[in-house]
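Visitor: I would like a close look at a single part of this structure, taken slowly and in connected steps. Please begin with one loop and then lead me to whatever lies beside it and beyond.

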Amino acid sequence: MNKFKILGVAFLAGMTASYAQTIDQAKKEIDAEKYQDAKVTLKSIVKSDPSEGKAFFLLGNVYLYQNVSDSAKMSYQSGLTAKNDAHFNNIGLGQIDLNSGNVAAAKANFSSAIKEMRRKDFEEYQYVARAYMNSTNPDYKSALATLELAKEKNAQEPQILLALGDAYYGDKNQNQAYSNYRNAFQADNSLIRAKVQLGVLLKGAKAYTEAVAAYNEVLATNPNYGPLYRELAETYYLWGLNVPGRQDEYLKKALGYYEKYMTLTDYSLASRMRHADFLILAKDYKALEVEANKMKELDKVNPRILRYLGYAAYQNGNVDVAIKSLQDYTANPDNKIINLDYMYLGLAKIKKGTNADGTAIDPTAFQAGVADIKKAADIEISVTNELGEIGKDLYEKKLYKEAAAILEIATSNPKTNTFLYDNYYLGNAIYFDNAGADVVKDTVALKKADIAYGNVITASPDTQDVYLSRARTNSLLGDDKAMIMYYQQYIDIVTKKGPEELAKPAVKAKLIECYNTMAAGYANFDKVKAKEFFQKTLAIDPTNAYATQSLSILNK
């Protein structure tokens, strides 16, 4: 009998050790972003021993990483009935509450989990902090406050230090993030993510050379750690954007590293979607179309695939597929719509309405497209960064009214890198749209042009030609005094630059324009001034017919 008891205890001890090893394996798979492998491991545990609540909790977390919240919730709810560690599942349900914006319910769930902690336990605090950070509405302050409680339990625990690094990083405290990542790795040099995050901090500081060097240190000892290659991909992508002349080279490296990341993690639908998101950043739309069709084979009903199909189809010239895919996606109120969804839908409608040689656009199609682009800007104003080039392209095709409509949206954001140029082209587009002899002047639009030129002058007061453009616009508005003022400001700028500037043929021609138009304006209320400015024209061009004839009329 005693021998049986001893064997029973030994058997249970072996079972416990085996469970711990399998849980540890799942945690490593999660950390390495091998989510499909982790799901297989955890499903095996819950099937063979449904009493282990932590396995349900970790499985739910994997589902959340893959944005499958319904399956995550089912896993957590099943875990609540487990015999051991059931309370961890309240933390997972709490994160789902945070994702839906129900903070009170989340805190109640977190409290339920914390109440079950034993005196020396700290892991619950760590996972609550992670829930705050991983939520679609992250709250880094609450994560930090929770981790301070964990530190009281075990200040040297590597996972707590790593979580503190992530919380400080999210809270934009780079110094504290660096300190905690460094301490985490020193406490446990098998904690590769902490070492990788030191490179991520350098990437965030645009120290790309140093970031890649830090990643290469990790690579030398851990060449099969998948997330490292994702960070290398993102670093080379950003590096290419910031180094003139190297974008194509670094983008190619970035795409290669992301492919390596995929081979070391998994090719699940969620991973393919992350890859698709990166391909959009990298503007590799041929590869995006291939990836989107592979995703469609895996899951024909997942609505997000319509997004990728729509983007790729637009960029690859298939506007009908783009419009159909994106209309279907944006029409579903359950889908999470982002600015690019409406942006690409609007651009696809405009492209469909454009004739073969690009010289005309159907007004109805154009207005429908502009309406969608405005929706995109309402969702996230940063989309305006992409509009300047589109407006400029329409302007160069002499589609001035259409260019103005796009550039007006672009200039609604004063923080774009092209704000000055977009305003200049907006003013010009409106001016040329109204400058024809038989055109009915749109005074509302012309006043917008005047404001746009004013924005350019405020940002760059030495841009001399903008004063000419503003003067011409006020001439169309019939505001002689404003017209005269802006022509005079042009004259003042070029005169200040000296004889060399004044001697340029192009400047001489513009000065003649200034003097003649100013004189014509003065003729309406000050004939003496009008004669004076026509004489200025003749000082540059003694045979100028307009000035000669006008003076003859004024002298009668």
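Guide: Let us start at Lys398, which is found in the loop that runs between α21 (387–396) and α22. Please keep in mind throughout that this is a predicted model. The phi of Lys398 is positive, about 65°, although Lys398 is not a glycine. Its relative accessibility is 63%, and because a residue counts as exposed when that value is over 50%, Lys398 counts as exposed.

The helix that follows this loop, α22 (400–410), brings us to a pocket, for α22 is one of the helices that each supply at least two residues of the lining of the second largest pocket. The others named with it are α20 (363–379), α23 (419–434) and α24 (443–459). Among these contributors α22 gives the most, with 6 residues. The volume of this second largest pocket is about 400 Å³, and of the 21 residues that line it, those closest to its centre are Lys401, Ala404, Ala405, Glu408 and Lys448. If the lining is sorted by class, it has 10 nonpolar, 3 polar and 8 charged residues.

From the pocket we can turn to the interior, where the largest nonpolar core has 109 residues, and where Val196, Leu288, Met295, Tyr308, Ile373, Ile406 and Tyr490 touch the most other members. Helix α26 (residues 480–496) gives the most to this core, with 9 residues. A second core, separate from that one, has 53 residues, including Ile45, Leu59, Leu93 and Leu198. As a general background to such cores, nonpolar side chains in soluble globular proteins tend to be buried together.

Val196 deserves a closer look, and leaving aside residues up to four places away in sequence, Val196 touches Tyr215, Val218, Tyr225, Leu228 and Glu231. Val196 is also one of the buried residues of α11, as are Leu198, Val200 and Leu201. In α11, 10 of the 13 residues are buried, so this helix is largely enclosed by the rest of the structure. Its length can be checked as well: at 1.5 Å a residue, the 13 residues of α11 (residues 192–204) should span 18 Å, and the end C-alpha atoms are 19 Å apart, which agrees. After α11 comes Lys206, with a positive phi near 65°.

Helix α3 can be read in a similar way. Of its 13 residues, 12 are buried, so that α3 is mostly covered, and the buried ones include Phe56, Phe57, Leu58 and Leu59. For α3 (residues 53–65) the expected span at 1.5 Å a residue is 18 Å, and its end C-alpha atoms are 19 Å apart, which agrees. Asn67, which follows α3, has a positive phi near 60°.

One more helix completes the walk, namely α17 (residues 304–315), where Arg307 has its place. Arg307 has a relative accessibility of 7% and therefore counts as buried. Setting aside residues up to four places away in sequence, Arg307 touches Leu326, Tyr329, Lys336, Ile337, Ile338 and Asp341. Arg307 and Gln327 are 20 residues apart in sequence, while their C-alpha atoms are 9.5 Å apart in space.

Finally, we may return to a loop, this time the one between α9 (158–170) and α10 (174–187), which holds Lys172. The phi of Lys172 is positive, near 65°, in a residue other than glycine, and with a relative accessible area of 70%, Lys172 is exposed.

Methods
Residues are numbered from 1 along each chain as its sequence is written. This is a predicted model: local features need pLDDT of at least 70, side-chain atom pairs count only at pLDDT 80 or more; totals for chains, interfaces and linings use all residues. Side-chain values use heavy atoms; hydrogens and water are left out. A nonpolar core is a set of buried Ala, Val, Leu, Ile, Met, Phe, Trp, Tyr and Cys residues joined through side-chain atoms within 4.5 Å. Buried means under 20% relative accessible area, exposed over 50%, partly exposed in between (1.4 Å probe, protein chains only). Helices (H or I, at least four residues) and strands (E, at least two) are DSSP runs, numbered from the N terminus. Contact means heavy atoms within 4.5 Å. On a 1 Å grid over the protein atoms alone, a cavity is a set of points where a 1.4 Å probe fits but cannot get out, and a pocket is an open set with protein on both sides within 12 Å along at least five of seven lines; lining residues have an atom within 4 Å of a point. Grid points are joined across faces, edges and corners, and a volume is the space filled by probe spheres set on the points. Ala, Val, Leu, Ile, Met, Phe, Trp, Tyr, Cys and Pro count as nonpolar, Asp, Glu, Lys and Arg as charged, and the others, Gly among them, as polar. The expected span of a helix is 1.5 Å times one less than its number of residues.
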